[in-house]
Amino acid sequence: MTSRPHEVGVSPLLDIGGDVGALVVYLPAPPPSGELEACPAGRPTARFHTGVHLRDTGVGPAHVAVFPEVVDGHYDLLDEAGAPLARAEVAGGRVSELDLRS
């Protein structure tokens with residue numbers, strides 16, 4: 001078996017439609033926990049998380065968090081301390097993307 005310079009995650013299954021969308025977040029590096037947390041804007045006690053995986057983006061690998069099933073609305077992405085680091089808007093039936101690499 002030949003080792004690769006990076007392992008690329010498989011394609012996630014999205015469950016969108018009606019008032020449910022998905023959120024894809026591109027990160028500069030994986031968080032220490034290996035997960036990215038989010039919550040509805042202003043509601044930090046309603047947190048949810050997903051894993052961050054190295055994925056092939058078509059132009060090279062990137063650290064990506066995919067939230068495959070999110071009700072439409074505004075969401076805060078949280079840093080390791082639980083503080084908001086960015087806000088994203090999710091629309092039902094669509095895939096929203098947020099690039100935090102720059």
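Q: A strand is a DSSP run of E that spans at least two residues, and strands are numbered from the N terminus. With that in mind, what makes V95 part of a strand?
A: Happily, this one is quick, and it applies to a predicted model. V95 is found in strand 7, which covers residues 95-99. A run from 95 to 99 meets the requirement of at least two residues, so it counts as a strand.

Q: Why is V95 called partly exposed?
A: The relative accessible area of V95 is 39%. Buried would need a value under 20% and exposed a value over 50%, so 39% falls in between.

Q: What makes L14, I16 and V95 a patch?
A: Members of a patch need over 30% relative accessible area and no salt bridge, and nonpolar side chains are joined within 5 Å. V95, at 39%, passes the area cut-off. Together with L14 and I16, V95 forms a nonpolar patch on the surface, with about 200 Å² of accessible area for the three together.

Q: Why is the contact of R47 with E37 called a salt bridge?
A: The rule asks for a side-chain nitrogen of Lys or Arg within 4 Å of a carboxyl oxygen of Asp or Glu. For R47 and E37 the closest N and O atoms are 3.2 Å apart, so the pair qualifies. R47 lies in the loop between strand 2 (35-40) and strand 3 (48-56), while E37 is in strand 2, so the bridge ties together parts that are 10 residues apart in sequence. R47 is partly exposed at 41%, and E37 is also partly exposed, at 28%.

Q: What makes R87 and D76 a salt bridge, and is D76 buried or exposed?
A: Their side chains meet at 2.7 Å, N to O, and that distance satisfies the 4 Å limit. R87 sits in strand 6 (residues 84-90) and D76 in strand 5 (residues 73-78), so the pair links parts 11 residues apart in sequence. D76 has 7% relative accessibility, which is under 20%, so D76 counts as buried.

Q: How many salt bridges does the rule give, and why does the pair R101 and D99 belong among them?
A: The count comes to 3 salt bridges. R101 and D99 have their closest N and O atoms 2.7 Å apart, within the 4 Å limit, so they belong. R101, at 40% relative accessibility, is partly exposed, and D99, likewise at 40%, is partly exposed.

Q: Why are strand 6 and strand 7 called edge strands?
A: The 7 strands form an open sheet in the order 6-5-2-3-4-1-7, with mixed pairing. Strand 6 and strand 7 each pair on one side only, and that makes them the edges. From one strand to the next, the twist averages 30 degrees.

Q: How do you know that strand 1 and strand 7 pair?
A: Two strands pair if DSSP finds at least two bridges between them. Strand 1 (residues 20-27) and strand 7 share 5 bridges in the parallel sense, so they pass. One of the partnerships is that of Y26 with D99 in strand 7.

Q: What makes strand 3 a partner of both strand 2 and strand 4?
A: On one side, 4 bridges join strand 3 to strand 2, and these two run antiparallel; A38 stands opposite F48 there. Strand 3 also pairs with strand 4 (residues 61-71) over 5 bridges in the antiparallel sense, with H53 and V64 as bridge partners. Both bridge counts satisfy the at-least-two rule, so both pairings hold. Strand 3 and strand 4 form a hairpin with 4 residues between them, and G58 in the turn has a positive phi of about 95 degrees.

Definitions and conventions:
Residues are numbered from 1 along each chain as its sequence is written. This is a predicted model: local features need pLDDT of at least 70, side-chain atom pairs count only at pLDDT 80 or more; totals for chains, interfaces and linings use all residues. Side-chain values use heavy atoms; hydrogens and water are left out. Patches are made of residues with over 30% relative accessible area and no salt bridge: like charges are joined within 9 Å, nonpolar side chains (Val, Leu, Ile, Met, Phe, Trp, Tyr) within 5 Å. Accessible areas come from the Shrake-Rupley method with a 1.4 Å probe; for residues, only the protein chains shown count as cover. Buried means under 20% relative accessible area, exposed over 50%, partly exposed in between (1.4 Å probe, protein chains only). Axes are lines fitted to C-alpha atoms, for helices over the stretch in contact, and angles run from 0 to 180 degrees between N-to-C directions.
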